[in-house]
Amino acid sequence: MSPLEEHGPHLPIGTDLLTARDAAREAIRTIKKQKPELTCVLFPIIPLGYSKMASDFPGTVSTQIKALKTVVYDVCSSLARFGFKYYVLCTFHMDLGHLKGLYSGMNKVMKAHKVKIIEPWGPYFYSKEVEKREPQVGFDTKKEVHACFRETSLMNYQYPYLVDPCYKDLQSIYRDLYSPRVLGKTFKEIGISEGYVGSPARADSDYGRWYFQQIVETYVQATLDMMEGKKPPELPTQTQLLMRSMFWLH
Ligand SMILES: [Zn+2]
């Protein structure tokens, strides 16, 4: 579940959706090998999400945060009635407003039904796990945020025919999108005129393969942990505070 979203002049608007869907599919394959007794079902892709930041560029379709909560609650409640017990919500879109909608929906479902729902990528992403684990690439990757080195590498690995070769000539653009001052603003409001933040020109499909595998492994591990009754990974406290401070309506 991720929005259709502008990803610079070079990546598809389905970048987050395709990544989450493909990683979920791959995670199911791995889980089936390790635990053949489990029945895993991949729910169809839900192309919805909150993205105010990229909303002034064509291609971004942003849903209200409240609507996301409703969709998560309604879909999971329907499935709960048929006996589904464990849910892994896969999103690659890490906007805090988006996560707020998802987490609110998840919490509401868990209050209403005897089910467990996890969202594995947020905790990995906001704990900066990628920076701790990634292979040496020879430059500072801390400022890679949107349609950047990482996402362009991912798409070069997964869908090279959907990447416009113009990415090779794009200049690096950096901005801290997670500072409280920038929360709730759009790219254009903070002076980002090209719709990407980072250095897409450095993209490398080998890195993309590594990164994709990280997402798959994160889904797999979180799922197996949930099945064993372990405590699910959580968003860091600071991230939770920022998320809660976001308004419901924009
Ligand atoms: Zn993205």
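This passage describes the fold, the nonpolar core and selected helices of a predicted model.

The protein chain contains eight helices and two strands. Read from the N terminus, these elements follow the order α-α-β-α-β-α-α-α-α-α. The radius of gyration of the protein chain is 18 Å, close to the 18 Å given by the globule rule for 250 residues, so the chain is as compact as a globular protein of that length. Along the principal axes, the C-alpha atoms occupy a box of roughly 50 × 40 × 30 Å. Of the 250 residues, 42% count as buried. Contacts that reach far along the sequence are well represented: among those between residues at least 6 apart, 79% join residues at least 24 apart.

We turn next to the interior. In soluble globular proteins, nonpolar side chains tend to be buried together. In this model, the largest nonpolar core has 57 residues, and Leu89 and Tyr219 are those with the most contacts inside it. Two or more residues of this core come from each of α1 (15–34), α2 (65–81), β1 (86–88), α3 (96–112), β2 (116–118), α4 (121–126), α6 (149–158) and α7 (205–227). The largest share, seven residues, is supplied by α7.

The two residues with the most contacts inside the core deserve a closer look. Leaving out residues up to four places away in sequence, Leu89 touches Met1, Leu102, Met106, Ile117, Ile118 and Glu119. Tyr219, for its part, belongs to helix α7. Tyr219 counts as buried because 25 other C-beta atoms lie within 10 Å, where 20 or more are required. With residues up to four places away again set aside, the contacts of Tyr219 are Ala23, Ala24, Ala27, Val88, Cys90 and Pro120. One of these partners, Ala24, is 195 residues from Tyr219 in sequence, yet their C-alpha atoms are 7.1 Å apart in space.

Helix α3 offers a second view of the interior. This helix has 17 residues and spans 24 Å from its first C-alpha to its last, close to the 24 Å expected at 1.5 Å a residue. Helix α3 is mostly covered, with 12 of its 17 residues buried. The buried residues are Leu96, Gly97, His98, Leu99, Lys100, Gly101, Leu102, Tyr103, Ser104, Gly105, Met106 and Val109. Their cover includes α2, β2, α4 and α8 (237–244).

Within α3, Leu96 makes a good example. Leu96 has 24 other C-beta atoms within 10 Å and is therefore buried. Apart from its neighbours within four places in sequence, Leu96 is in contact with Leu242, Met243 and Met246. The C-alpha atoms of Leu96 and Met243 are separated by 5.3 Å, although the two residues are 147 apart along the chain.

Finally, a helix pair can be considered. Two packed helices are described by the angle between their axes and the distance between the axes. The axes of α6 and α7 come within 7 Å and cross at roughly 95°. The two helices are therefore roughly perpendicular to each other, as angles of 65 to 115 degrees fall into that class. On the α6 side, the contact is made by Arg150, Ser153, Leu154, Asn156, Tyr157 and Gln158. Helix α7 contributes Ser205, Tyr207, Gly208, Arg209, Tyr211 and Phe212 to this contact.

Definitions and conventions
Residues are numbered from 1 along each chain as its sequence is written. This is a predicted model: local features need pLDDT of at least 70, side-chain atom pairs count only at pLDDT 80 or more; totals for chains, interfaces and linings use all residues. A nonpolar core is a set of buried Ala, Val, Leu, Ile, Met, Phe, Trp, Tyr and Cys residues joined through C-beta atoms within 7 Å. Helices (H or I, at least four residues) and strands (E, at least two) are DSSP runs, numbered from the N terminus. Two residues are in contact if their C-beta atoms, placed from the backbone, lie within 7 Å. The radius of gyration is taken over C-alpha atoms; the globule rule is 2.2 Å times the number of residues to the power 0.38. The expected span of a helix is 1.5 Å times one less than its number of residues. Axes are lines fitted to C-alpha atoms, for helices over the stretch in contact, and angles run from 0 to 180 degrees between N-to-C directions. Angles under 35 degrees count as roughly parallel, over 145 as roughly antiparallel, 65 to 115 as roughly perpendicular and the rest as oblique.
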